[in-house]
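Please read the following report alongside the sequence and the coordinates. It starts with one aromatic residue and its surroundings, and then widens to the chain as a whole.

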Amino acid sequence: MDRARGVPTGGPSRRRLLQGAALAAVPAALLVPTRTEALPQPPKLPKLPKPRKRPADYPDAEWVPASTSNYTVSNRPVTYPVDFVVVHVTQETYDDTLAIFQNPDAQVSAHYVVRSADGHVAQCVRDRNVGWHAGNWDYNTRSIGIEHEGWVDQPEWFTEAMYASSAELTAYLCATYGIAKDRGHIIGHNEVPGADHTDPGPHWDWSHYMDLVNSL
């Protein structure tokens, strides 16, 4: 500054004042230094699997639940031992049998249904619960019922796929519950005391079926 005019030399110069005014006029956003590097991203969490419907007791079965009006809730083999497998024939198609078990007015159910064409297995009642299939309450409490699609007088429904699949299921149940693999414990519906049914009927090949069960 010009000392002769008495302007203090320690004050801001006119140039600095102009620079300050110019900076004040710049938008604040332009004064923020830009970053060229990417901002760190939070780690991606793994996708959790969707909740699955409760699987059937038998690993190879599809779960197709019967109406709760058609069986008795239990906790077998704690409440009752499981001593028998009862073999049935549906006298209905596979799909119609499942629909009957799902009808709350039907008052009937079995634990499993085996399809004729390919041996596909549906589970309709949990093993721990008492199915209404044998027509004898004592046997109901101590057995697992397996329905097989077909008619007792039409042996063409008893396919090899059905025999093989059912035998695997029965062998699994025998191993799981300690059921003997013999005809005293793997029985037909007609062999239940007091039963008025004839299934599985004369065309069911018991010899072949038991050979399959005991080979597993």
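## Trp206 and its ring partners

In this predicted model, Trp206 has a relative accessibility of 15% and therefore counts as buried, since the cut-off for that class is under 20%. The charged end of Arg183 sits over the ring of Trp206, at 3.7 Å from the ring centre.

Within helix H6, Trp206 and Tyr209 are three residues apart, which means that about one helical turn separates them. An α-helix has 3.6 residues a turn, so residues three or four places apart point the same way. The ring centres of Trp206 and Tyr209 lie 6.0 Å apart with the planes at 75°, so this pair is classed as edge-to-face, a label that applies over 60 degrees.

## The aromatic cluster

The count of aromatic pairs in the model comes to ten. One of them joins Tyr163 and Tyr209 in a tilted arrangement, with 6.4 Å from centre to centre and 50° between the planes. This pair links distant parts of the chain, given that Tyr163 belongs to helix H5 (residues 160-177) and Tyr209 to helix H6 (residues 206-214), with the two positions 46 residues apart. Both partners are buried: Tyr163 has a relative accessibility of 5%, and Tyr209 has one of 0%.

Taken together, ring pairs connect Phe158, Tyr163, Trp204, Trp206 and Tyr209 into a cluster. Elsewhere, a charge and a ring also meet at Tyr94, where Arg115 lies over the face of the ring at 5.0 Å from its centre.

## The two sides of helix H6

Which residues of H6 are buried? They are Trp206, Tyr209, Met210, Leu212 and Val213. Viewed down the axis of H6, these buried residues fall within an arc of 155°, and they therefore line one face of the helix. On the other side of H6, Ser207 and Asp211 are exposed.

The buried residues of H6 pack against four elements, namely strand E3 (84-89), strand E7 (143-148), helix H5 and strand E8 (186-188). The contact with H5 is one to read together with the ring pair of Tyr163 and Tyr209, which joins H5 to H6.

## A buried glutamine in strand E5

Gln123 is part of strand E5, which covers residues 121-123. With a relative accessible area of 0%, Gln123 counts as buried. Leaving aside residues up to four places away in sequence, Gln123 touches Ala56, Asp57, Tyr58, Ala61, Glu62, Trp63, Val64, Pro65, His111 and Tyr112.

## The chain as a whole

The secondary structure comprises six helices and eight strands, which follow one another along the sequence in the pattern α-α-β-β-β-α-β-β-β-α-β-α-β-α. Among contacts with a separation of 6 or more, 73% join residues that are 24 or more positions apart. The chain has 216 residues, of which 38% count as buried, and its accessible surface comes to about 13,000 Å², with 56% belonging to carbon and sulfur atoms.

## Confidence of the prediction

The average pLDDT of the chain is 85, and 75% of the residues score at least 70. Over residues 1-33, however, the pLDDT is below 50, and this stretch has nine contacts in the model beyond near neighbours in sequence.

Conventions
Residues are numbered from 1 along each chain as its sequence is written. This is a predicted model: local features need pLDDT of at least 70, side-chain atom pairs count only at pLDDT 80 or more; totals for chains, interfaces and linings use all residues. Side-chain values use heavy atoms; hydrogens and water are left out. pLDDT is the predictor's confidence in each residue, from 0 to 100. Contact means heavy atoms within 4.5 Å. Rings of Phe, Tyr and Trp (its six-membered ring) pair if their centres lie within 6.5 Å; planes under 30 degrees apart count as stacked, over 60 as edge-to-face and the rest as tilted. Buried means under 20% relative accessible area, exposed over 50%, partly exposed in between (1.4 Å probe, protein chains only). A charge sits over a ring if NZ of Lys or CZ of Arg is within 6 Å of the ring centre and within 35 degrees of the ring normal. Accessible areas come from the Shrake-Rupley method with a 1.4 Å probe; for residues, only the protein chains shown count as cover. The arc is that of the directions from the helix axis to the C-beta atoms.
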